[in-house]
Amino acid sequence: MMHGRAGGFLNQETMKPRNLSETLGRLGKYFGQFWYMIVLAVVFVVISTWTQVTSPELMGQATDCFLVPAGSSAFAQLAPTTASDQKTVSSCWLGTTEDPSTLSYSRQIVYKAYHLGGYTVPDIATATNEERITGMFRLIVIVIALYVIGAVLTGMTFFAMAWTGQHVLRSLRVEVFEKLHTLSLSYYSEHEAGDLMSRITNDTSAIEQAFSFALVNVFSGILLLVWIAYNMLTLSLPFALLSLAVSPLMFIATVWFSGQARKAFRKSREEIGNVNAELQETISSVREVQAFNRADENIEQFKEVNAANRDANVRAVAYTSALAPTLEAFSYIGLAIVTGVGGWYLLTGGLLFGTTVTLGLVITFLAYVQRFNQPIQQIAVLWTNIQNAIAGAERIFTILDEKPAVVDKPGAKAMTEIKGKVEFTEVSHEYEDGVPVLKEVSFSAEPGQTIAIVGPTGAGKTTIINLLPRFYDVTHGSVKIDDVDVRDVTAESIRKQVGIVLQDTFLFSASVMDNIRFGRPDATDEEVFAAAKLANADSFIERLPEKYQTVLGERGSGLSQGQRQLLSIARAALADPRVLILDEATSSVDTRTERLIQKAFDALLQSRTSFVIAHRLSTIRNADMILVLKDGQIIERGKHDELLDKQGFYYELYMSQFKKQEEVEAVV
């Protein structure tokens, strides 16, 4: 029943679950939905294991019933003569003349199958060779049938558990994915996207593999060990104890080698991480490397890192390579004990602590020893794999248990159609407790006004625009739209009416049409065309190979930064928001594209309340009000000319940042 190579599972990070019972209980609810498949798999495992523990005994029956039917008498003639002859005892229960019901339940099944059609076993003492061949042939057919049944049931077991695992995997991934969409931006600022992706892919996959593959193997392996040990002990207690003498040593060797290999693989993973980091840094900085003629030094450094990874892998492989032959050697020792002791008592005709040793008994125990030793290594390794999967489940449940920082109040209603009045009243906000980013900020914007926000890096500009669509909630104070506190209505209803064009434009790997339509999937093609024209994006779209049906690369690769910005403006225009948030991004585009973007902004701002983190002087000049932020506080406010006349902080900011831009614009 055991499948797969143990070495592959050793090459995994060992993670021990912190709360085993609770995690298993929660996993049980997912797998419990498909209890009927699990019950079916358990039945298949039990029957399959029965075929494996029964077939060795039947090989012994073939020997004692047909090949050497006189039990130990075939060997007794070689033994020295004793004062009292040993009485030959037959162990051929297939030919018992007693009531078959006295046999064990397992033997009764084989007995009935063997005697189907009224066949009777001839007297083993007087049977002819033809009768023995016929009887042995029937027994071989049963053995083959057992192997076939076991193989088929094993395949059906893995299919049933894989089917269950895949359904659980789908449920977990969907649930985690849905949960990720409910979490606030604060969660993503504290957790790396790569780690979250690993949980939704690797951790869920580890659970599916462990419970559809490893768990079946561990369960069947333990069942096989217990069943074989029971059969051995019931057949002959002293012979069983001799046969199992090396099993503790095998277990100790497995645990030690597995532990050492896992430590070595952990070191190997650290070193391959260093290799990847070195590669990424070198490839990313290839221009600087060539400019400063550092190629030779980088190559030598990479050789050192790569050599460390090689040595770590060689050490790990040394342990995994030593485990299999060590266990095989112990297995041969066990076989040698069975063969040596069994052969001795067969040749001498003596009793082993009162047990008659027959050739069939020796053959049965040889088969049992071989089967008993197989699962030990795999159980130890696969059990570690199951622990890793449970620890991975804990990581998944950590996401599912996460409480969003921004939640709607019970019974919160949807925001009615926004007119555009926005009011901040003594707003303070902290991303971390005790570290204020905004300090009692107050201002108001009337419908249709444009509010420009300027200030040095870290002044709190982005925080203000994050509070409007409730990406975060205020720590103190209130944010109101149309005199309604944004915390009293659903976040979804606000975000539907607030448009955002960020500095870091994100485009999806989809067509241009789908990217523009992202914020309003039900928009018609004509409405998409109109939005693109308003954003001045239609001219370059028409030059694309498939025009609006051109599929973009990842994050809009293949387009210039200015073209990506124009598409994001078209996306916001199509959504037709009543409140608009703009983080202008024109610092890295050419003059012509910058003018196109500005014209698109001007068209987009018409009749909308807008908040602009300003990077352009023209936006500041045309704003109805400029908010000057410093250290989380509004230190100045007013129109451009008014603030210049004051010659305060805005004047200094203008002279250092915008004056040169104004001179360039005048020349152009």
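User: Why are α3 and α6 called roughly antiparallel?

Analyst: The axes of α3 and helix α6 (residues 129-182) cross at roughly 160° and come within 8 Å. Axes here are lines fitted to C-alpha atoms, for helices over the stretch in contact, with angles running from 0 to 180 degrees between N-to-C directions. Angles under 35 degrees count as roughly parallel, over 145 as roughly antiparallel, 65 to 115 as roughly perpendicular and the rest as oblique. The value for this pair is over 145, so α3 is roughly antiparallel to α6. The crossing is left-handed, a label used if the near helix is turned anticlockwise from the far one by less than a right angle; if clockwise, it's right-handed.

User: What kind of model is this, and which residues and atoms count?

Analyst: It's a predicted model, where local features need pLDDT of at least 70 and side-chain atom pairs count only at pLDDT 80 or more, while totals for chains, interfaces and linings use all residues. Residues are numbered from 1 along each chain as its sequence is written, and side-chain values use heavy atoms, leaving out hydrogens and water.

User: What makes α3 oblique to α5?

Analyst: Helix α3 (residues 35-67) packs on helix α5 (residues 105-114) at about 60°, with the axes 11 Å apart. That angle fits none of the parallel, antiparallel or perpendicular ranges, so the pair is oblique. The crossing of α3 and α5 is right-handed.

User: Which residues of α3 and α5 meet?

Analyst: Trp-50, Thr-54, Glu-57, Leu-58 and Phe-66 of α3 meet Ser-106, Arg-107, Ile-109, Val-110 and Tyr-114 of α5. Contact means heavy atoms within 4.5 Å.

User: How do you know which label suits α17 and α19?

Analyst: Helix α17 (residues 525-534) and helix α19 (residues 561-575) pack at about 125°, axes 8 Å apart. That angle also falls in the "rest" class, and therefore α17 and α19 are oblique to each other. They cross in a right-handed way. On the α17 side the contact involves Glu-527, Val-528, Ala-531, Ala-532 and Leu-534, and on the α19 side Ala-570, Ala-573 and Leu-574.

User: How many aromatic pairs are there, and why is Tyr-30 with Phe-397 called stacked?

Analyst: There are ten aromatic pairs in the structure. Rings of Phe, Tyr and Trp (its six-membered ring) pair if their centres lie within 6.5 Å; planes under 30 degrees apart are stacked, over 60 edge-to-face and the rest tilted. Tyr-30 and Phe-397 have ring centres 6.2 Å apart and planes at 20°, so they pass both tests and count as stacked. Tyr-30 is in helix α2 (residues 20-32) and Phe-397 in helix α13 (residues 359-400), so the pair ties together parts 367 residues apart in sequence. Helices (H or I, at least four residues) and strands (E, at least two) are DSSP runs numbered from the N terminus.

User: Why do Tyr-30 and Phe-397 count as buried?

Analyst: Buried means under 20% relative accessible area, exposed over 50%, partly exposed in between (1.4 Å probe, protein chains only). Tyr-30 has 12% and Phe-397 has 4%, so each counts as buried.

User: What makes Phe-424 and Phe-443 a stacked pair?

Analyst: Their ring centres are 4.6 Å apart and their planes sit at 15°, so the pair is stacked. Phe-424 belongs to strand β3 (residues 422-432) and Phe-443 to strand β4 (residues 435-445), 19 residues apart. Phe-424 comes in at 2% relative accessible area and Phe-443 at 4%, so both rank as buried.

User: How do you know that the charged end of Arg-138 sits over the ring of Tyr-114?

Analyst: The charged end is 5.8 Å from the ring centre. A charge sits over a ring if NZ of Lys or CZ of Arg is within 6 Å of the ring centre and within 35 degrees of the ring normal.

User: Why is Leu-502 called partly exposed?

Analyst: Leu-502 has a relative accessible area of 43%, so it falls between the buried and exposed cut-offs. Leu-502 is in the loop between β8 (498-501) and α16 (512-516), and it touches Gln-565 and Asp-583, not counting residues up to four places away in sequence.

User: What about Asp-624: which class does its accessibility give?

Analyst: Partly exposed, because its value is 32%. Asp-624 is in the loop between α21 (617-622) and β11 (625-630). Beyond its neighbours within four places in sequence, Asp-624 is in contact with Gly-448, Gln-449, Thr-450 and Lys-639.
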